[in-house]
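Here is a brief report on one protein model. Keep the sequence and the 3D view open while reading.

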Amino acid sequence: MSTAVCLPPPQALSHSHIWVAISGKAGFSIGRQAGGGFDGRGGIWTGTIWRSSPGKRGARLHAALVARPGSCIRRLGEDRAGEMQFRRLLHNPSVTAAEMSRHAGDLTGQRAAGRHVVVAQDTSELILGGRRSRQCYGPVAKGNAAGLLLHVALAVEAETQGLLGLVSMQVWNRNREELAPRRKRATAAKESQRWIESSERAGEVLAAAASVTMVSDRESDFYELFVKRPQNVELVVRACQNRRIEGSEEDPDLLFTFIDAQAEQGRVAMTVPAAPGRRARDTEFAVRFAPVAVCRPLHGADPTLPETVHLTLVDVREVSEPKDGSAPVHWRLLTTHAVATLNDARQVVGFYRTRWVIEEFFRTLKTAGFDIEEADIGDPQAMINFVAAAAVAAITIKQLVQARDGNTDQLLSDAFEPDDQPILEAVSARLEGKTERQRNPHPKGSLAFVAWVIARLGGWTGYYGKPGPKVIRIGLAKFHAIKYGANLRLQNV
């Protein structure tokens, strides 16, 4: 006997449908037989499922991760049957992090069409069980434990800073096996390859975007990344190496020495965000910028690469010493963007500052919502799948946190299903109070409207501070309980 499931048209797919899309490879069949087709209720497409499948269980796992963020499979499953369903899914060889990444990226590409996009990419190490000694995945050489790493690239709309979604992700377990010296290995045999692959994927996924700028921190500062970037992807990379730049053959200049000798070309005022051990502060930065021809490294670089690559170096440094005793901010940014004016330099700095969204994303995944590092799944591939699933679900929470002030101009469909809108509007009406501050100030159908509802369900009163990831995840759990009850009532009518 078949079971009907409702899906929106492909162009309206949100992150909650990613597992359903993945499952086509895992034996999940959707078709128009046995009643499949448009149901006449706003274009929702009805497919048919044959037999219990990884896709169906995957959709349930995603809903559970969004509704009850956490790392305990038993709690996510709610009962023994649910727990076993999720465990079988995570151990299914047809379910992979690569497939989740591919489908998430395709959906993000649809939302990014025609927009100016900044892609922030970074890597975070997961300390499973809270101790490095618990990272016992993969081959272990000479008694050294291995580790699990997550590399993600997130798309953000440049103007509004709205989080559009996941561009790509890679999850892998690092081992301590004997390797050839780093300089004798090709980039493709190093972990550095992830930066190149992420930029290539961004070029593919975001082909319909108006522009794409990829930003990354010092770990990505290597010559081959600049040489092999896709033509439709610009780069902003924080410099790590004091590289040789083109000068006389007898006396080539060094990158940092060169920019330090340049005259100041202006100053800009910026806010340095709060960080562990540092308060947010408004401060002034001196700006220098100049075109540079960076030379191919003498050691380790592929000799077939071009001898130089032409970039621009933008140097920004805090003018005064911070009062809290923290170190002054100093960024040296290498970019493929042309920089001719102070405003151009300011724009490059703005692109780089977008990288902060990925730090907040990792915080949501680790401590502010999912506690992913507390997971204790013995099988390495199952753990990789679980981390990937949690990363996709964390996008929804992060999108709501980003949208809470109404500045991102995003629609409800960027993170929720169209059928959720009437339930959200009904809940909003019940939550609103008599005063202006107790009313939802955002337009219906916007993601900001949804963020207000979810935050109120999570315990935010509208008066004190702004709702963060923990409040949002509590609100999401309550919303999904309300949605479940509403759907039961409809089925009984």
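## Salt bridges

Asp315 is buried, with a relative accessible area of 0%. Buried means under 20% relative accessible area, exposed means over 50%, and partly exposed is in between (1.4 Å probe, protein chains only). The model is predicted: local features need pLDDT of at least 70, side-chain atom pairs count only at pLDDT 80 or more, and totals for chains, interfaces and linings use all residues. Residues are numbered from 1 along each chain as its sequence is written, and side-chain values use heavy atoms, with hydrogens and water left out.

Asp315 meets Arg317 in a salt bridge, at 2.9 Å from N to O. A salt bridge here is a side-chain nitrogen of Lys or Arg within 4 Å of a carboxyl oxygen of Asp or Glu. Arg317 is partly exposed, at 23% relative accessible area. The structure holds 24 salt bridges. One of them joins Arg332 to Asp260, with the closest N and O atoms 3.7 Å apart. Arg332 sits in strand β14 (residues 330-335) and Asp260 in helix α8 (residues 255-260), so this pair ties together parts 72 residues apart in sequence. Helices (H or I, at least four residues) and strands (E, at least two) are DSSP runs, numbered from the N terminus. Arg332 counts as buried at 19%, whereas Asp260 is partly exposed at 38%.

Asp405 and Lys466 form another salt bridge, with the closest N and O atoms 3.2 Å apart. Asp405 lies in the loop between α11 and α12 (420-431), and Lys466 in the loop between α13 and α14 (469-492), so the pair ties together parts 61 residues apart in sequence. Asp405 is partly exposed at 36%. Lys466 is exposed at 54%. There is also a network of salt bridges, which links Glu99, Arg102, Asp106, Arg201 and Glu204.

## Strand β12

Thr283 lies in strand β12 (residues 281-295). Thr283 is buried, at 10% relative accessible area. Its side chain makes a polar contact with the side chain of Glu318, at 3.1 Å. A polar contact is a pair of N or O atoms within 3.5 Å; within protein, one must be able to donate a hydrogen and the other to accept it, and residues adjacent in sequence count only if both atoms are side-chain atoms. Beyond four places in sequence, Thr283 is in contact (heavy atoms within 4.5 Å) with residues including Val268, Met270 and Ser320.

Arg281 is in β12 too. Arg281 counts as buried at 14% relative accessibility. The side chains of Arg281 and Ser326 make a polar contact at 3.4 Å. Other contacts of Arg281, leaving aside neighbours within four places, include Glu318, Pro322 and Asp324.

Val292 is found in β12 as well, and is buried at 5%. Among the residues that Val292 touches, not counting those up to four places away, are Ile245, Phe258, Leu311 and Leu334. The C-alpha atoms of Val292 and Leu334 are separated by 9.2 Å, although their positions lie 42 residues apart along the chain as a sequence separation.

## Strand β7 and its partners

Five of the six residues of strand β7 (residues 211-216) are buried. Strand β4 (residues 116-126) pairs with β7 in the parallel sense over five bridges. Two strands pair if DSSP finds at least two bridges between them. Val117 has Val212 of β7 as its bridge partner. Four bridges join β7 to strand β8 (residues 234-238), also running parallel. Here Thr213 stands opposite Glu234.

## Helices and cores

Helix α5 (residues 97-112) has 16 residues, which should span 22 Å at 1.5 Å a residue; its end C-alpha atoms are 22 Å apart, which agrees. The expected span is 1.5 Å times one less than the number of residues. In α5, 12 of the 16 residues are buried, including Glu99, His103 and Arg111. Gly114 follows α5 and has a positive phi, near 80°. In helix α13 (residues 447-457), 11 of 11 residues are buried. Gly459 follows α13, with a positive phi near 110°.

The largest nonpolar core has 81 residues, and Met169, Val314, Leu400 and Phe416 have the most contacts inside it. Its largest share, 17 residues, comes from helix α11 (residues 380-403). Apart from it lies another core of 35 residues, among them Ala155, Met214, Leu225 and Leu305. A nonpolar core is a set of buried Ala, Val, Leu, Ile, Met, Phe, Trp, Tyr and Cys residues joined through side-chain atoms within 4.5 Å.
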